[in-house]
Amino acid sequence: MTVENYPEEPLALSAPLAREIAPGHCYTDPASGENCAWSHGFWQYLRLFDFITTPRDHAGFYRAALGPMIAAGKRRVLISGTADYAMLHCLRWVFEEHKVAPEITVLDICATPLRLNEWYAARHGLAVRAVRSDILDFTQASPYDMICTHSFFGRFTPEERPKLVQRWHDLLRPGGRVVTVNRIRPEAPERVGFTPEQAADLRQRVLAAAAAAQDRIDVAPEVIAEMAEEYAGAKQVTHPVRSVAELEALFGQAGFRLEPVKVEPVGPRSTRTPKGPTMSGAANYAQIVAIRD
């Protein structure tokens, strides 16, 4: 549910920044020794080329879901996991419509998106607290009014998700809300990655998009294409949510009351859009408002 007056994001500026800082800031998995620079260093270029689904695609939903809380004087928001500043940008837009300042904490296990959020906040005069932590381990003495995220369940296995939703419950005050969206893939396997054909297609489409946008990017198109190859090469994996019923059970078991869950499609940006995990395609997204009683 996009909106006509949604403001543009400074992607041409943040893409080179993310590519520069990711190697030195990204989280290193203690078990594998690998870090996520392959993702966070490339993500802004995918957004610059308009290839992926972001909070912008659901801006109308976030505005409608958060507006009553803001109008009632609620200000404390936790962004629970983020690839960049897209969720912060959406929240800024919603709060500015109400002419009030939010109190936002941005939480992520990786420092790269946190640095991007701090950069964005400084550009727009926002007071943002950036915290590097796994959400499953995060605690906070003062509860939040709202928790916002976008397509976050795919980062967790089905076995981990009950702990995630319970953590959200514990971090909210009574009456607080989780506001999020997540793609629904009824026929998907437990793990979804790029097929070899999709990976090759992504590289070619990124190369073409980078060549067409040479005046807006800071490196040769071949460099961006190599980043696309690494991104798709068996590393970008998501754990699909298969049904609304699965989400309803998760939130119900954690003590939430759900508003009726709507499912709406998000179409591809254009015929140029690649196929594969995280790409903008003909997909259905569940819109979730969960209330802690």
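**Close-up views of a predicted model**

**View 1. Thr-112 is buried, with a relative accessible area of 0%.** In this predicted model, Thr-112 belongs to helix H6, which spans residues 111-124. The side chain of Thr-112 reaches the backbone nitrogen of Cys-26 at a distance of 3.4 Å. When neighbours within four places in sequence are left aside, the residues in contact with Thr-112 are Ile-21, Ala-22, His-25, Cys-26 and His-40, so that Cys-26 appears both as a contact of Thr-112 and as the residue whose backbone nitrogen is reached by the threonine side chain. Because its relative accessible area of 0% lies under the 20% cut-off, Thr-112 counts as buried.

**View 2. Helices H5 and H6 pack against each other at an angle of about 30°.** The axes of H5, residues 86-97, and H6 are 9 Å apart, and the angle between these helices makes H5 roughly parallel to H6. The contact between the two is made by Leu-88, His-89 and Arg-92 on the H5 side and by Asn-117, Tyr-120, Ala-121 and His-124 on the H6 side. H5 passes H6 in a crossing that is right-handed.

**View 3. Leu-11 of helix H1 is shown with its contacts from elsewhere in the chain.** Helix H1 comprises residues 11-25, and Leu-11 is found in it. With a relative accessible area of 11%, Leu-11 is buried. Its C-alpha atom is separated by 7.8 Å from that of Tyr-45, although Leu-11 and Tyr-45 are 34 residues apart along the chain. Neighbours within four places in sequence being left aside, Leu-11 is in contact with Pro-16, Gln-44, Arg-47, Leu-48 and Tyr-85.

**View 4. The largest nonpolar core has 60 residues.** Within this core, Leu-46, Phe-49 and Ile-224 are the residues that touch the most other members. Residues up to four places away in sequence not being counted, Ile-224 touches Phe-42, Tyr-45, Phe-49, Val-206, Ala-210, Ile-217 and Val-219. A second core, separate from the largest one, consists of 28 residues and includes Leu-136, Phe-152, Trp-168 and Ile-184. In soluble globular proteins, nonpolar side chains tend to be buried together.

**View 5. Helices H8 and H9 pack at an angle of about 155°.** H8 covers residues 196-212 and H9 covers residues 221-232, and their axes are 8 Å apart. This angle makes H8 roughly antiparallel to H9. Where the helices meet, H8 contributes Ala-199, Leu-202, Arg-203, Val-206, Leu-207, Ala-210 and Ala-211, whereas the residues on H9 are Pro-221, Glu-222, Ile-224, Ala-225, Glu-226, Ala-228, Glu-229, Tyr-231 and Ala-232. Ile-224 of H9 is also one of the residues that touch the most other members of the largest nonpolar core. The crossing of H8 and H9 is right-handed.

**View 6. Helices H7 and H10 pack at an angle of about 50°.** The axes of H7 and H10, the latter running over residues 244-253, lie 9 Å apart, and the two helices are therefore oblique to each other. Their crossing is right-handed, and the contact is made by Arg-161, Pro-162, Val-165 and Trp-168 of H7 together with Glu-246, Leu-250 and Phe-251 of H10. Trp-168 of H7 is also included in the second nonpolar core.

**View 7. Arg-161, in helix H7, reaches two backbone oxygens with its side chain.** These belong to Phe-156, at 3.1 Å, and to Pro-240, at 3.5 Å. Arg-161 is buried, with a relative accessible area of 1%. Residues up to four places away in sequence not being counted, Arg-161 touches Phe-153, Gly-154, Phe-156, His-239, Pro-240, Val-241, Glu-246 and Leu-250. Glu-246 and Leu-250 also appear among the H10 residues that make the contact with H7.

**View 8. Lys-99 and Ser-151 have positive phi values.** Most residues other than glycine have a negative phi. Lys-99, which is not a glycine, has a phi of about 60° and is found in the loop between H5 and strand S2 (103-108). The phi of Ser-151 is near 50°, and Ser-151 is placed in the loop between strand S4 (144-148) and helix H7 (161-171). Lys-99 is exposed, with a relative accessible area of 74%, whereas Ser-151 is partly exposed, with a relative accessible area of 28%.

Methods: Residues numbered from 1 in each chain as written. Predicted model: local features only at pLDDT ≥ 70, side-chain atom pairs only at ≥ 80, totals over all residues. Heavy atoms only, no water. Core = buried A, V, L, I, M, F, W, Y, C linked by side-chain atoms within 4.5 Å. Buried < 20%, exposed > 50% of the residue type's maximum accessible area, 1.4 Å probe, protein only. Contact = heavy atoms within 4.5 Å. Helix = DSSP H or I, 4+ residues; strand = E, 2+ residues; numbered from the N terminus. Polar contact = N/O pair within 3.5 Å; in protein donor to acceptor, adjacent residues only side chain to side chain. Axes fitted to C-alpha atoms, helices over the stretch in contact; angles between N-to-C directions. Parallel < 35°, antiparallel > 145°, perpendicular 65-115°, else oblique. Left-handed = near helix turned anticlockwise from the far one by under 90°.
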